[in-house]
Amino acid sequence: MLCVKQHQAKIVAVRAMAQDTWAVKVHAPELASAITPGQFFMIRPATGSDPLLGRPFALYDIVRDSAGQPSGVEFGFVKVGKMTTLMSQWSEGEEVSIWGPLGNGFPVPECRHLICVAGGIGQTPFLGVIREALGLESYGISPRSITTRPQQVSLCYGVRSARYLAGLEEFTIPGLDLQIATDDGTTGHHGYVTQLLQAKLAQNSEGVHVYCCGPEPMMKAVAEICKAAAVPCWLSLETPMACGFGACFSCVTKVVEPDGSWDYRRTCVEGPVFRAEQLVL
Ligand SMILES: Cc1cc2nc3c(=O)[nH]c(=O)nc-3n(C[C@H](O)[C@H](O)[C@H](O)COP(=O)(O)OP(=O)(O)OC[C@H]3O[C@@H](n4cnc5c(N)ncnc54)[C@H](O)[C@@H]3O)c2cc1C
Ligand code: FES
């Protein structure tokens, strides 16, 4: 049975992460105890009716209190429209309405080499994925166990320009192979993040799983690269959503059925993470 809780919660911290990009911590112990990497929540101001609908944001990481108990969630966002402009002015103490955990999240990584491929603000789900894969954090009411922990974990992270790189301090993790690409060459590889993935797969694609989140054209390219290399790939979609829990059908995406026909699936409940070959991109 679907069990989505709506919480009235307070913002405990806001910080700038990069150009037009902020991270917000919300005090929400129940949500923090239950959410897993790749899942998301919906958030809106606690009062007022404009904007009326909440907006979906992926878990960046959980926050723990001094006793080590989950006390809140942190998420990162880039300013693109009405709600995110309003959110960029939020400050500590602000009341918000938040509901979740929502969606399926990424599967537990059981492979030799996990490669996360992020484009722009698509990096947000990967902090939790990576920390869990490296055994640095556990998530969920009954922490997910990993029988075969990846021997290698990589993050290929692409942005337009160095000033959009968000969370490099958090992603500087012992054991993580972090590769950066910028479209304008201001730092890291000068070119697309997909070229970093191609280079890694050319070295050794045996036992590799790829998790990807970012703009649709980038995810389509990643899916094609993985298909050509016969590497399993999961994509996290950022489909606009109105309710987040399956009631409104505003978030449907096309999927391929086993018999080759296609149908629609609600991204909020059956996603946002899908196997790449399921999707009609
Ligand atoms: C599961 C999930 C997780 C997400 N996680 C994050 C996250 O961690 N950080 C983050 O910054 N964003 C994330 N997003 C995207 C985020 O929800 C949107 O950026 C946000 O809803 C925009 O709200 P707004 O009111 O500011 O923009 P609006 O005023 O609603 O829209 C402004 C413009 O952006 C376009 N737009 C709005 N939403 C999207 C979208 N999802 N994809 C493409 N174009 C869009 C609109 O068409 C419009 O042109 C996630 C989306 C989903 C579905
Ligand atoms: S957002 Fe309402 S059904 Fe998915």
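In the predicted model, the shell around ligand 1 comprises 22 residues, of which R55, F77, G81, M83 and T84 come nearest. By residue class, this shell divides into 14 nonpolar, 5 polar and 3 charged members. Three secondary-structure elements, namely strand β4 (55–58), strand β6 (70–78) and helix α2 (82–87), each supply at least two residues of the shell around ligand 1.

Further along the chain, an open sheet is formed by 7 strands in the order β11-β10-β9-β8-β12-β13-β16, and its pairing is mixed. The edges of this sheet are occupied by β11 (189–190) and β16 (273–275), each of which pairs on one side only. Within the sheet, strand β8 (residues 113–119) is paired with strand β12 (residues 208–213) in the parallel sense over 6 bridges, and H113 has V208 in β12 as its bridge partner.

Two helices are placed against these strands. Helix α3 (residues 126–133) lies across β8, β9 (152–159), β10 (176–182) and β12, and runs at about 165° to β8. Helix α5 (residues 193–203) lies across β8, β9, β10, β11 and β12, with a direction at about 155° to β9.

A hairpin is formed by β14 and β15, with 5 residues between the strands. Strand β14 (residues 252–256) and strand β15 (residues 262–266) are joined in the antiparallel sense over 5 bridges, and T253 stands opposite R265 in β15. In this hairpin, G260 adopts a positive phi near 95°.

Definitions and conventions:
Residues are numbered from 1 along each chain as its sequence is written. Chains are lettered from A and ligands numbered from 1 in the order in which they are written. This is a predicted model: local features need pLDDT of at least 70, side-chain atom pairs count only at pLDDT 80 or more; totals for chains, interfaces and linings use all residues. Two strands pair if DSSP finds at least two bridges between them. Helices (H or I, at least four residues) and strands (E, at least two) are DSSP runs, numbered from the N terminus. Two residues are in contact if their C-beta atoms, placed from the backbone, lie within 7 Å. Axes are lines fitted to C-alpha atoms, for helices over the stretch in contact, and angles run from 0 to 180 degrees between N-to-C directions. A residue is near a molecule or strand if its C-beta atom, placed from the backbone, lies within 6 Å of it. Ala, Val, Leu, Ile, Met, Phe, Trp, Tyr, Cys and Pro count as nonpolar, Asp, Glu, Lys and Arg as charged, and the others, Gly among them, as polar.
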